[in-house]
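Reader: I'd like a close look at the pockets in this one, please, and at what sits around them. Start with the aromatic side chains if that helps, and keep it casual.

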Amino acid sequence: MNRDVADLRLNYTQNVLVTADPDPWVQFQQWFTDACTAPIREPNAMTLATVDAQGYPAARIVLMKGFDAQGIRFFTNMTSTKGQELAHHPQAALVFWWEPLERQVRFRGEVTPLPTELSDAYFRQRPRNSQLGAWASPQSQEIPHRELLEERFAQLEREYSNREIPRPPHWGGYCLAPDSIEFWQGRPSRLHDRIAYTRHPDGHWLQARLAP
């Protein structure tokens, strides 16, 4: 590699965030709509950060599957590493990065499992192969070789060839209910816009501008 990593930089000039809506969910809806119309392959992709029992953080990309004033929803194997970490320490963080728009949004709050009926409803909407994959993969567990997954998948295809695939008991949804949300807009000279919201105990949001 010939380029010095320290010299990799961009001067952000796409947008500004002079004012933001008093309701962070209105602001998020506006920005998410912009992301969906921008050249972004998966605008609902977000980094989920959790903490294990020893206090070590871990982060990975997951997909948002819904949001409203209650929070951000996503689905996964609940016995996976992230599922186990959330069971031990339900506080987590989410980050969206929309590079063409030079924007990121950060959420922090408590994560709770979704009601089983919501997990059932979403599972029924998934492509059939994704449903089979939820059964076939012991997510985060060590496996001896990839063929084990493919063999298990083929076995499940035969087992459910003529019937509906039920939701695995270990697979379901979560909702992160944020107590803080931050909108970040890249600006020239690293003088970025940062608008932060903090949820008051009575439910309303306090807004503040932060230094970049």
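Author: Two rings of Phe, Tyr or Trp count as a pair if their centres lie within 6.5 Å, with the six-membered ring standing in for Trp. Keep in mind that this is a predicted model.

With that in hand, the structure holds 21 aromatic pairs. One of them is W25 with F28, an edge-to-face pair with 6.3 Å from centre to centre and 90 degrees between the planes. Both residues belong to helix α1 (residues 24–37), where being three residues apart puts about one helical turn between them. Both are buried, too. This pair is part of a cluster made up of W25, F28, F32, F67, F96, W98 and F107.

One of those rings takes us to a pocket: F107 helps line the second largest one, along with A93, L94, V95, R106, R108, S180, I181, E182, A196 and L210. Strands β5 (91–98), β6 (103–113) and β7 (171–185) each give two or more residues to that lining. The space inside comes to about 200 Å³. By class, its lining has seven nonpolar residues, one polar and three charged.

Now for the largest pocket, at about 290 Å³. It has 16 lining residues, and F75, T76, R126, Q139 and W171 are the closest to its centre. β2 (57–63), β4 (71–77) and α4 (128–136) each put at least two residues into the lining. The mix there is seven nonpolar, six polar and three charged.

Here the UniProt record comes in handy. An unreviewed entry carries a "binding site" annotation on R9, L10, N11, Y12, K65, Y122, R126, S130, R190, L191 and H192. These positions span 184 residues in sequence, and the farthest two C-alpha atoms are 43.2 Å apart, so they do not all gather at one spot. From that set, K65, Y122, R126 and S130 are in the lining of the largest pocket.

Take K65, which lies in the loop between β2 and β3 (66–68). K65 has a relative accessible area of 39%, so it counts as partly exposed. Beyond its neighbours within four places in sequence, K65 contacts N44, R73, F74, F75 and Y122.

F74 is worth a stop of its own. This residue sits in strand β4 and is buried, with a relative accessible area of 0%. Its C-alpha atom is 6.3 Å from that of L63, although the two are 11 residues apart along the chain. Setting aside residues within four places in sequence, the contacts of F74 include K65, L63, M46, L48 and V111, and on another stretch of chain G172, G173 and Y174.

That stretch falls in residues 171–212, which the unreviewed UniProt entry labels "domain: Pyridoxine 5'-phosphate oxidase dimerisation C-terminal". This segment is 0% helix and 67% strand, and its end C-alpha atoms are 39 Å apart.

Finally, consider H192, another annotated position. H192 is found in the loop between β7 and β8 (193–199), and with a relative accessible area of 11% it is buried. Not counting residues up to four places away in sequence, H192 touches Y12, W184, Q185, G186, R187 and P212. Y12 is in the annotated set as well.

Key: Residues are numbered from 1 along each chain as its sequence is written. This is a predicted model: local features need pLDDT of at least 70, side-chain atom pairs count only at pLDDT 80 or more; totals for chains, interfaces and linings use all residues. Side-chain values use heavy atoms; hydrogens and water are left out. On a 1 Å grid over the protein atoms alone, a cavity is a set of points where a 1.4 Å probe fits but cannot get out, and a pocket is an open set with protein on both sides within 12 Å along at least five of seven lines; lining residues have an atom within 4 Å of a point. Grid points are joined across faces, edges and corners, and a volume is the space filled by probe spheres set on the points. Helices (H or I, at least four residues) and strands (E, at least two) are DSSP runs, numbered from the N terminus. Ala, Val, Leu, Ile, Met, Phe, Trp, Tyr, Cys and Pro count as nonpolar, Asp, Glu, Lys and Arg as charged, and the others, Gly among them, as polar. Rings of Phe, Tyr and Trp (its six-membered ring) pair if their centres lie within 6.5 Å; planes under 30 degrees apart count as stacked, over 60 as edge-to-face and the rest as tilted. Buried means under 20% relative accessible area, exposed over 50%, partly exposed in between (1.4 Å probe, protein chains only). Contact means heavy atoms within 4.5 Å. UniProt positions are given in the numbering used here, feature names are shortened, and annotations may be inferred rather than shown by experiment.
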